[in-house]
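Biologist: Could you take me through some side-chain contacts and internal space in this protein?

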Amino acid sequence: MTRAAVYVRISRDREGAGLGLARQEADCRELAARHGLTVAQVYADNDLSAYSRKPRPAYRRMLDDIATARLDAVLAWHTDRLHRSPTELEEYISACEPRGVPTFTVKAGPLDLSTPSGRMVARQLGAVARYEVEHQVERQQRAKQQAAADGRWAGGRRPYGYEADGVTLRPDEARVVAEVTDAILSGASLRGQAADLNTRNLVTSTGRPWTATELRKVLLRARNAGLREHRGEVVGPAAWPPLVDEERWRAVVSVLTHPGRRTQWSSARRWMLSGLALCGVCGATVRATLMSTSAQSVPSYTCKVSRCVGRNAGELDAYVSALVVERLSRPDVVQLLAESGRPDSGQLQVDATTLRERLDGLAAAYADGAIDVRQLREGSERLRARLSDVEDQLAAVDQGDALAGLVGAADAAAAWDALDLHRRRAVVDTLLTVTIHRTKKGRPTGWSPGRSYFDPATIEVTWKN
């Protein structure tokens with residue numbers, strides 16, 4: 001009995017049902033019947049390209065079975081299903097040649113790798129397959145480059161916010177991108193926004209739940225601002241309408257890519273003032289920990305250095321929240337924005353672009369021999385220092401939009417309650433500084449049974465601006 005292996009592979013299974021593999025297997029089984037071979041095993045690699053050099057588990061198992069004499073022949077739809085690189089072909093020949101394992105293909109005929117002529121034919125077919133795939137890649141890259149130059153969509157997965165043509169807006173998804181962009185600029189977290197979208201049963205363009213990583217990718221796309229991009233570089237205006245204006249898009253890019261941005265939140269960030277409030281004794285920031293009382297352990301703010309102070313976290317958060325709501329409810333609340341004195345983000349974007357262009361010009365001058373290495377190094381250091389300062393200002397400006405949607409709200413308390421933790425922290429950081437002082441031993445003045453020991457007189461609040 002001649003034990004034959006059927007190997008099937010498809011690079012892209014757009015239907016997700018393995019239909020292409022099933023058709024290949026059916027043709028190979030018919031071929032096996034014509035040659036009197038018994039199919040002992042089917043090896044299938046679905047949605048894997050031989051050209052991409054990604055590991056093909058089924059293909060590797062088949063080579064091992066050939067080397068250990070578990071198989072006597074190989075059946076494939078075409079030689080390019082087995083390999084598309086000379087290196088892979090030589091490895092395949094090395095596995096089949098010692099025992100004279102033949103290869104039968106539906107479209108390219110039989111290959112006898114035990115003879116020089118058979119190996120020559122296999123290598124010729126492999127060279128042709130390699131040429132075809134390289135030529136195809138070259139055509140695709142050129143088409144994408146031309147599409148970028150013309151401002152057209154180069155194709156691919158449906159971009160979130162647009163229809164399948166990549167140009168027509170999907171109003172509901174466009175609103176989501178605009179809303180989340182504003183939320184991030186107001187101090188919200190990617191993780192919190194992704195959780196909110198999932199709570200609302202909103203999904204990505206592929207129908208999957210949102211993650212912080214996927215949401216970040218969507219927000220960083222230049223297409224959101226109606227710009228076309230090629231190989232990571234913005235190359236000009238696009239044919240599709242924007243989801244947000246360019247200034248807001250560049251602002252959110254500045255926030256999400258700023259080196260100082262936290263990408264993960266520790267357990268200390270479960271409380272509003274952790275890392276924000278200050279110790280009134282040593283000036284260090286406080287952290288949230290569990291402090292034991294006679295009855296139980298309660299979340300408390302303590303000094304990071306030596307526990308100079310300690311205060312009930314829930315009660316202090318409630319106290320500061322009440323102060324913020326009261327301030328946002330005053331008639332002069334609009335002055336909070338006017339008094340901020342923040343620089344113009346549009347001008348900062350221009351300054352950043354100018355500095356980047358000067359860096360490029362410096363590199364070009366060095367390449368042309370107009371300046372030497374020392375001049376290049378000194379000039380680059382000065383320009384990069386100025387660019388870093390501008391980017392820091394941009395990040396501060398963008399994160400300073402924490403009051404957006406709060407100033408002028410009809411119900412300040414309801415607007416505050418609707419914010420997530422990270423947005424509340426951004427508002428507190430924008431409006432005030434909280435300092436926790438030591439308390440006196442015993443019950444606070446005016447205490448009565450049933451009331452907390454929390455004493456507002458030991459909390460110093462300094463309003464900014």
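Modeller: What follows covers aromatic pairs, charges over rings, one helix and one cavity in a predicted model.

Biologist: How many aromatic pairs does a search of the whole structure find?

Modeller: The search finds three. One of them is formed by Y7 and Y59, with 5.6 Å centre to centre and 70° between the planes, which is edge-to-face. This pair links distant parts of the chain, since Y7 belongs to strand β1 (residues 3-10) and Y59 to helix α2 (residues 57-67), 52 residues apart.

Biologist: Are Y7 and Y59 buried or exposed?

Modeller: Both are buried.

Biologist: Switching to charges, which ring does the charged end of R223 sit over?

Modeller: The ring of Y162, at 4.5 Å from its centre. R223 also lies over the face of W240, 4.0 Å from the ring centre.

Biologist: Now helix α6: what is its reach from first C-alpha to last?

Modeller: Helix α6 (residues 171-185) has 15 residues and reaches 21 Å, close to the 21 Å expected at 1.5 Å a residue. Its buried residues include V176, V177 and V180. After α6 comes G187, with a positive phi near 105°.

Biologist: And how many cavities of 30 Å³ or more are there?

Modeller: There are two. The second largest has a volume of about 30 Å³.

Biologist: Which residues line that second largest cavity?

Modeller: Its lining consists of Y160, V176, V177, V180, W210, L215, V218 and L219. Helices α6 and α8 (212-219) each supply at least two of these residues. The lining divides into eight nonpolar residues, no polar and no charged.

Technical notes:
Residues numbered from 1 in each chain as written. Predicted model: local features only at pLDDT ≥ 70, side-chain atom pairs only at ≥ 80, totals over all residues. Heavy atoms only, no water. Phe/Tyr/Trp six-rings, centres within 6.5 Å; stacked < 30°, edge-to-face > 60°. Helix = DSSP H or I, 4+ residues; strand = E, 2+ residues; numbered from the N terminus. Buried < 20%, exposed > 50% of the residue type's maximum accessible area, 1.4 Å probe, protein only. Lys NZ or Arg CZ within 6 Å of the ring centre and 35° of its normal. Expected span 1.5 Å × (residues − 1). 1 Å grid on protein atoms, 1.4 Å probe; cavity = no way out; pocket = protein on both sides within 12 Å on 5 of 7 lines; lining within 4 Å. Points joined across faces, edges and corners; volume = space filled by probe spheres on them. Nonpolar A, V, L, I, M, F, W, Y, C, P; charged D, E, K, R; others polar.
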